[in-house]
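Subject: Handover of a structure and of what was found in it

Dear colleague,

Please find below the structure that I am handing over to you. My notes on it follow directly after.

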Amino acid sequence: MTAHVIRASETDVGVLSRVIAEAFIDLPPSAWLVSDPEARRALFPGYFRILVEQTLAGGVVHTTPDRDAVALWRYVDGSDGGADGDYAARLTAATSPWTERFVRFDGALESGHPSGAPHHYLAILAVRPDRQGAGLGTAMLDAYHQVIDETGAAAYLEASHPRTRTLYLRHGYADHGSPIQLPDGPVMYPMWRPASSGL
């Protein structure tokens, strides 16, 4: 059975932020960002709300009718666009007293991000924990890949775990440079899907 994928709207921000928080709560980069599990659980929905809202404003947010999965896609034209104007203030409000970790995390990801090559960036792919393994992640990838393959566009992401790296390898991605080493922490895996590789 193939899951139905739809565009999210502003009314979905709260529930999708919680889906991401629940899906990511125990990942190694999450523990690196906020070492205290209770603090992590408390602040993650607010943090991911920022990212969902930013993507709704300037990208594509996909979900399912049951809102049990979410993908955040942004088009990157190869120029140095920088972060949204109020991002720093919102990040501080949502993540204090752990903000410095989030700033370092953003910097680490930015250091590995391809420059000069237009592409679609999968910032987040998350599936509610009790729905993982049901093919929702694959459905989300296939839905967006179909669109970008028709236009001959490439895609980029950072896998946060060897297990998700394996999933992306099956969908046409390949390792892109060296793993991104978080300071005194885990690694993330930059991956690139060439234009029209699904055709």
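Strand E3 (residues 69-76) and strand E4 pair in the antiparallel sense, over eight bridges. This pairing, like everything else in this message, is read from a predicted model. Within it, arginine 74 has tyrosine 121 of E4 as its bridge partner. E4 itself is mostly covered, with eight of its nine residues buried.

Tyrosine 121 leads on to the next strand, since its bridge partner in E5 is tyrosine 156. E4 (residues 119-127) and E5 pair in the parallel sense over three bridges. Histidine 120 also takes part, with alanine 155 of E5 as its bridge partner. Between these two strands the chain passes through helix H6, and the resulting β-α-β crossover from E4 to E5 is right-handed.

E5 (residues 155-159) is mostly covered as well: five of its five residues are buried. Ala155, Leu157 and Ala159 point one way from the strand, while Tyr156 and Glu158 point the other way; the residues on both sides are buried. E5 also pairs with strand E8 (residues 187-193), here in the antiparallel sense and over five bridges. In that pairing, tyrosine 156 stands opposite tryptophan 192 of E8.

Two histidines may serve as points of orientation. Histidine 145 is placed in helix H6, which spans residues 136-151. Is histidine 145 buried or exposed? Its relative accessible area is 3%, and because the limit for a buried residue is under 20%, histidine 145 counts as buried. Leaving aside residues up to four places away in sequence, histidine 145 touches Trp73, His171, Tyr173 and Arg193.

Histidine 4 lies in the segment before strand E1 (6-7). With a relative accessibility of 53%, histidine 4 counts as exposed, because the limit for that class is over 50%. Histidine 4 nevertheless has contacts: it touches Thr63, Thr64 and Pro65, again not counting residues up to four places away in sequence. The C-alpha atoms of histidine 4 and aspartate 66 are separated by 9.5 Å, although the two residues are 62 apart along the chain.

Helix H7 (residues 162-170) may be considered next. Its buried residues include Thr164, Leu167 and Tyr168. Why do the buried residues of H7 line one face of the helix? Seen down the axis of H7, they fall within an arc of 95°, and therefore they line one face. The general geometry is relevant here: an α-helix has 3.6 residues a turn, so residues three or four places apart point the same way. The buried residues of H7 pack against E4, H6, E5 and E8. On the other side of the helix, Arg163 and Arg170 are exposed. H7 is followed by glycine 172, whose phi is positive, near 95°.

The aromatic residues deserve a separate paragraph. The count of aromatic pairs comes to eight. One of them is formed by phenylalanine 44 and phenylalanine 48, which are edge-to-face, with 5.1 Å from centre to centre and 80° between the planes. Both lie in helix H3 (residues 37-58), and because they are four residues apart, they are separated by about one helical turn. Phenylalanine 44 is buried, at 0% relative accessibility, and phenylalanine 48 is also buried, at 5%. The two belong to one aromatic cluster, made up of Phe24, Phe44, Tyr47, Phe48 and Phe102.

Finally, a charged residue is placed over an aromatic ring. Arginine 101 lies over the face of tryptophan 32, at 4.4 Å from the ring centre.

When you open the model, I would suggest starting from tyrosine 156, which is the E5 bridge partner of tyrosine 121 and stands opposite tryptophan 192 in E8.

Yours sincerely

Conventions: Residues are numbered from 1 along each chain as its sequence is written. This is a predicted model: local features need pLDDT of at least 70, side-chain atom pairs count only at pLDDT 80 or more; totals for chains, interfaces and linings use all residues. Side-chain values use heavy atoms; hydrogens and water are left out. Buried means under 20% relative accessible area, exposed over 50%, partly exposed in between (1.4 Å probe, protein chains only). Contact means heavy atoms within 4.5 Å. Two strands pair if DSSP finds at least two bridges between them. A crossover is right-handed if, with the strands pointing away from the viewer, the path from the first strand over the helix to the second runs clockwise. Rings of Phe, Tyr and Trp (its six-membered ring) pair if their centres lie within 6.5 Å; planes under 30 degrees apart count as stacked, over 60 as edge-to-face and the rest as tilted. A charge sits over a ring if NZ of Lys or CZ of Arg is within 6 Å of the ring centre and within 35 degrees of the ring normal. The arc is that of the directions from the helix axis to the C-beta atoms.
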